[in-house]
Amino acid sequence: MASGEGCPAAFAALEELMRQRLGRECLYVPSCRLGLYVALRHWCPPGGRVLMSPVNDDVIFFVVLAAGLRPVQAPLRAEDGSLDLAAVPGSVWHGLSAVLTTNLYGNPDPAPELRARCDALGIPLIEDAAHAIGSEVAGQPVGSFGEASVFSLSKHTGAKTGGFLTVADPALRAPLERARDDLLQPKRLAAELAYGLRPYAEAGVRGLRLVGAARATLRLLGLEEREDIRMELRPGELKQAMSAAPVALEDFHSWIRVDMHDYRLRPGGLRLRRTERLLTRLDSRLAGHRAGTRLLSATEWALPRPGPAQPLFRVPLLVEDRDAAIAALARRRITTGYLYDPPLDAYAGDVFTDPSPAPEAAAWFARHALPVDPLRAEAAISVLTELGARPAALPAAFGAAAGRRAQHHASEASGPRDRDRG
């Protein structure tokens, strides 16, 4: 393939920027969801079972189904929505083909423990780091633990397009690149022009306070399609798509494209240049996210977070009446997005997924989590204070579980040191 806009050679600058940040081989993809599909098809056998979070974007759920796999919903920690390894039964672990992390809102899942567990089982760990491009765990960047990880450039960078599929083994780049290229659709001038005009159009309607007009325009362009938090499942059509042999991405296109119709589009020069410019400014954006995270984490609506502040994409405050909080924020033109309620097992049912063996914590978190943009921290705190928003009280059963986990981790941490002294 000749080099040029939208060809592999044109992605090299972006890939090098991410390679320097992450320390592993990086492959540009037009969207995180496409990168995840490529990874799942490569590492998981057809019909395999993938452990994942039930508090997650439904698009990711449909990507797993499109890859010919069975989603298995994991128990979560009620405090932060991260995977609760201790609550996963042994029978579930031994039936898995892979583990898919979420790193919800940028809060890391327990990657070192998951890495050890996957190694023991001989299965791949795949990290969804769409929300976590700047987060770290155990002194390493999120996305550097698994066989593969996927990142989004629509989140922290604000590029609204693009992402990366990263791999631990550089030798896998060539086959993954071929798989990506086979899925790419030709770039379209109309899509490129719409992408170029979108920031100016959004700025204009914000300045004129035409929020309703802005949403109508985004829906017309296929950039905002959900009337509710979850998209319509359409179970009859979904069963038909899953019954096709072999399962193909095209069969699930109507679900996976939601809010991003260009998820497979080969990018043109405008997208690539803007994305590169924004990616070079990422560190300053992360600093802003980190500062806002500190402010929000110090409020009464946040549970204590151990360790240094992460540059969270959204800070999940826990409020008693989330609907009232959302409405109050909206009156100040602070939009609340990235809600994942109900959890995927309640949304899809056991026809399409294995339900969590302990769903209560995930349901509680999904119902009370209020994801706040840390770049709007001061304004959001002001609104919630004026509203008199009450923090959601963590149920005693979940608090006791957190205490047991802390004791378990402390004993694990002290064990090797005791043996060394012996």
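By class, the lining of the largest cavity comprises 5 nonpolar, 2 polar and 1 charged residues. This tour of a predicted model starts from that cavity and moves outward to the helices and loops.

**Stop 1: the largest cavity**

Select Leu329, Ile334, Thr335, Thr336, Pro371, Val372, Asp373 and Ala380, which line the largest cavity. The space enclosed there is about 40 Å³. In total, the structure holds 3 cavities of 30 Å³ or more. Keep Leu329 and Ala380 highlighted from this lining, as both recur at the next stop.

**Stop 2: helix H13 against helix H16**

Next, select residues 322-331, which form helix H13, together with residues 377-387, which form helix H16. Two packed helices are described by the angle between their axes and by the distance between those axes. For H13 and H16, the packing angle is about 125 degrees and the axes lie 10 Å apart. This angle makes H13 oblique to H16. The crossing of H13 past H16 is right-handed.

To display the contact, show the side chains of Ala324, Ala325, Ala328 and Leu329 on H13, and those of Ala380, Val383, Leu384 and Leu387 on H16. Colouring the contact of H13 with H16 by class gives 8 nonpolar residues, with no polar and no charged ones.

**Stop 3: helix H12 against helix H16**

Keep H16 selected and add helix H12, residues 282-297. How far apart are the axes of H12 and H16? The separation is 9 Å, with a packing angle of about 20 degrees. Because angles under 35 degrees count as roughly parallel, H12 and H16 are roughly parallel to each other. H12 also passes H16 in a right-handed crossing.

On the H12 side, select Gly292, Leu295 and Leu296; they meet Ala377, Glu378 and Ile381 of H16. The contact of H12 with H16 divides by class into 4 nonpolar residues, 1 polar and 1 charged.

**Stop 4: a cis peptide bond**

Return to H13 and select the loop between H13 and helix H14 (344-348), where proline 342 is placed. Display the backbone from aspartate 341 to proline 342: the peptide bond joining them is cis, with omega near 5 degrees.

**Stop 5: a positive phi value**

Finally, move to the loop between strand S8 (148-152) and strand S9 (163-167), and select lysine 160 within that loop. What is the phi of lysine 160? The value is near 60 degrees, a positive phi in a residue other than glycine.

How values were computed. Residues numbered from 1 in each chain as written. Predicted model: local features only at pLDDT ≥ 70, side-chain atom pairs only at ≥ 80, totals over all residues. Heavy atoms only, no water. Axes fitted to C-alpha atoms, helices over the stretch in contact; angles between N-to-C directions. Helix = DSSP H or I, 4+ residues; strand = E, 2+ residues; numbered from the N terminus. Parallel < 35°, antiparallel > 145°, perpendicular 65-115°, else oblique. Left-handed = near helix turned anticlockwise from the far one by under 90°. Contact = heavy atoms within 4.5 Å. Nonpolar A, V, L, I, M, F, W, Y, C, P; charged D, E, K, R; others polar. 1 Å grid on protein atoms, 1.4 Å probe; cavity = no way out; pocket = protein on both sides within 12 Å on 5 of 7 lines; lining within 4 Å. Points joined across faces, edges and corners; volume = space filled by probe spheres on them.
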